[in-house]
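Colleague: Please take a close look at one part of this model and describe what is there.

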Amino acid sequence: MRYSKILLFFFSLFSTSVYASNLNSINNLFLNKENNFSIPLDILIIISSLSFLPALILLMTSFTRIIIVLSLLRNALGLSYAPPNQILIGLSLFITFFIMSPVFNSVYKDSYLPFVNRQINSEKAIESAILPFKKFMLNQVKDSDISFFLKLSKNKDMKFKNKYDIPLYIVVPTFITNELKISFQIGFMLFVPFIVIDLIVSSVLMALGMMMVPPSSISLPFKLIIFVLADGWHLLSRSLVESFYF
């Protein structure tokens with residue numbers, strides 16, 4: 001229930017802030033004295049921009065690493081449609097909620113409650129809501145990665161009091177590239193034992209002269225039973241959760 005409130009809070013918060021601060025600029029850009037658009041069109045433009053908000057929130061959480069690792073696991077097992085995409089996405093979302101619960105609780109206490117109680121305005125609420133996500137992302141990346149994107153940006157000579165003052169447009173791509181790197185590293189470690197099983201099965205089939213039998217159809221049951229006996233889902237979930245730092 002709290003997570004749904006936080007999600008709705010992000011939508012209402014950004015819509016309130018964006019509409020209040022940018023409505024005049026939108027009117028100046030798209031409106032003129034001769035032909036004025038209506039207010040519903042302004043609202044349509046703002047709501048369209050909010051369609052990127054769920055993707056942005058997912059990119060600022062642990063969801064990216066988890067869904068990529070689970071997809072690579074399915075490919076390593078040699079399964080095309082099991083588990084289905086809906087199951088993988090649902091599992092990734094709930095593991096993400098579990099990992100990100102400290103961040104969501106911080107947003108709920110420091111941003112959501114003061115905002116609904118009218119103790120802070122929307123601008124302050126946005127700053128308070130973004131800060132826990134920024135801290136989480138910066139704890140996952142190295143300083144060298146941040147320095148790389150700072151050099152690429154126009155603010156490479158700008159000095160910051162601490163790393164939490166770095167703009168979000170630098171933190172997010174740094175975090176995403178780091179997540180992609182780590183997820184592929186985990187995926188490589190997942191592929192290695194299953195490739196060994198495929199090689200062993202293929203060698204045995206060739207030694208028996210059964211060259212017309214697809215090795216994947218024989219190795220698949222072995223990979224499944226070994227993964228189950230090793231309690232692979234538990235080990236993988238635990239490794240994913242412990243791979244994040246707070």
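Modeller: An axis here is a line fitted to C-alpha atoms, for helices over the stretch in contact, and angles run from 0 to 180 degrees between N-to-C directions. The model is predicted, so local features need pLDDT of at least 70 and side-chain atom pairs count only at pLDDT 80 or more. Residues are numbered from 1 along each chain, and side-chain values use heavy atoms.

I take helix α4, residues 63-77 (a DSSP run of H or I, at least four residues). Helix α4 packs against helix α5, residues 85-99, at an angle of about 140°, and the two axes are 9 Å apart. On the α4 side the contact (heavy atoms within 4.5 Å) involves F63, I66, I67, L70, S71 and R74. On the α5 side these meet N85, L88, I89, L91, S92, L93, I95, T96 and I99.

Helix α4 also takes part in a salt bridge, through R65 (Lys or Arg side-chain nitrogen within 4 Å of an Asp or Glu carboxyl oxygen). The partner of R65 is E179, with the closest N and O atoms 2.6 Å apart. E179 belongs to helix α9, residues 168-207, and R65 to α4, so the pair links distant parts of the chain, 114 residues apart. E179 is buried, with a relative accessible area of 0% (buried means under 20%, exposed over 50%, partly exposed in between, with a 1.4 Å probe and protein chains only). R65 also counts as buried, at 1% relative accessibility.

The structure holds three salt bridges. Another of them also starts from helix α9: D198 pairs with K223 of helix α10, residues 215-229. The closest N and O atoms of D198 and K223 are 3.4 Å apart. D198 is partly exposed at 28%, whereas K223 is buried at 4%.

How values were computed:
Helix = DSSP H or I, 4+ residues; strand = E, 2+ residues; numbered from the N terminus.
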